[in-house]
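This report introduces a protein model to a reader who has not met it before. Please view the sequence and the structure below before reading on.

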Amino acid sequence: MRDLLEPLPDTLDRWEAAGRPPVFVEVREELTCWVVSTIEGHWAHVYECVPMARPRAVVDRLASPRGEAPDAALARAVARAEGARRRSIRPCADCGEPTPPEHGDRMDSGFCCHGCMSRNHGVVF
Ligand SMILES: [Zn+2]
C-alpha cells in the first residue's frame with residue numbers, strides 16, 4: 001500500500017471535485033475497503049505547498065456495520081469528509097477570501113490569509 005503521506009501524482013483525473021471553493025475528495029479503492037481522503041495542501045518546504053491526501057474514513061466494501069448498502073456508506077463518508085474540509089476553510093479577516101488553514105494563520109485581527117499577513121501585517125515569508 002502506498003504511504004498515505006506520500007505526495008500525490010500531478011494528474012487529477014482520478015479525483016472527485018465538488019463545490020465552491022473546490023473541495024477535493026479522493027476515493028481510493030483497496031481490496032476490501034474504500035479509503036476516503038480530502039486533498040489538502042502540505043508545506044513540503046517553506047516555498048512549496050504540495051497536495052496530499054488526508055485520510056478521513058475507511059469504508060468496508062463488503063459489509064457495513066449498520067446494515068446499509070456499502071455504496072450508501074461510501075456516499076455518507078464522502079459527504080462527511082467534504083463537510084469536514086469545507087468547515088476548515090474560513091474567510092480571511094482582512095480580505096474575506098475563503099482560506100484553507102494551510103494558507104493562513106491566526107493574527108490579532110483574526111484568521112488571515114498569507115497574502116494579507118504580508119500586505120497588512122508585515123509578516124515576511
Ligand atoms: Zn486575506
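## Strands 2, 3 and 4

Strand 2 and strand 3 run antiparallel and are joined by five bridges. One of the pairings sets Glu29 against Trp34, its bridge partner in strand 3. The connection from strand 2 to strand 3 is a hairpin of three residues. The model described here is a predicted one.

Strand 3 also pairs with strand 4, again in the antiparallel sense, and this pairing extends over twelve bridges. Within it, Val35 stands opposite Val58 of strand 4. The link between strand 3 and strand 4 is a hairpin through two residues.

## Overall Organisation

The secondary structure consists of two helices and eight strands. Along the sequence these elements appear in the order β-β-β-β-α-β-β-β-β-α.

The protein has 125 residues, of which 33% are buried. Among contacts with a separation of 6 or more, 37% are between residues 24 or more positions apart. The exposed surface of the protein comes to about 8000 Å², and carbon and sulfur atoms supply 55% of that area.

## Nonpolar Cores

The largest nonpolar core contains twelve residues: Val23, Val25, Trp34, Val36, Ala57, Val59, Ala73, Leu74, Ala77, Val78, Ala81 and Ile89. Two or more of these residues come from each of strand 2 (23–29), strand 3 (33–45), strand 4 (48–60) and helix 1 (70–88). Helix 1 provides the largest share, with five residues. Apart from this core lies another, of five residues, including Cys92, Cys112, Cys116 and Met117.

Trp34, listed above in the largest core, is the residue already described as the bridge partner of Glu29.

## Arg85 in Helix 1

Arg85 belongs to helix 1. Is Arg85 buried or exposed? Its relative accessibility is 6%, and because buried means under 20%, Arg85 counts as buried.

Leaving aside residues up to four places away in sequence, Arg85 touches Val23, Thr38, Ile39, Glu40, Gly41, Arg56, Pro100, Pro101 and Glu102. One of these contacts, Val23, is also a member of the largest nonpolar core.

## The Zinc Site

Which residues coordinate the zinc ion? The ion is held by the SG atoms of Cys92, Cys95, Cys113 and Cys116, at 2.3 Å. In sequence, the spacing of these donor residues is C-x2-C-x17-C-x2-C.

Why is the arrangement tetrahedral? The four donor atoms subtend angles of 104 to 118° around the zinc ion, and four donors count as tetrahedral if all angles lie between 85 and 135 degrees; the arrangement is therefore tetrahedral.

Cys113 and Cys116 are both buried. Two of the zinc donors, Cys92 and Cys116, are also among the residues of the five-residue core.

## Strands 7 and 8

Strand 7 (residues 104–107) pairs with strand 8 (residues 110–113) in the antiparallel sense, over four bridges. The hairpin that joins strand 7 to strand 8 passes through two residues. In this pairing, Asp105 has Cys112 of strand 8 as its bridge partner.

Strand 8 spans residues 110–113 and thereby includes the zinc donor Cys113. Cys112, the partner of Asp105, is one of the residues of the five-residue core.

Technical notes. Residues numbered from 1 in each chain as written. Predicted model: local features only at pLDDT ≥ 70, side-chain atom pairs only at ≥ 80, totals over all residues. Heavy atoms only, no water. Donors = N, O, S within 2.8 Å, 3.2 Å for Na, K, Ca; no water. Tetrahedral: all angles 85-135°; square planar, octahedral: opposite > 155°, others 65-115°. Buried < 20%, exposed > 50% of the residue type's maximum accessible area, 1.4 Å probe, protein only. Core = buried A, V, L, I, M, F, W, Y, C linked by side-chain atoms within 4.5 Å. Contact = heavy atoms within 4.5 Å. Areas by Shrake-Rupley, 256 points an atom, 1.4 Å probe, with all protein chains shown as cover. Pairing = 2+ DSSP bridges.
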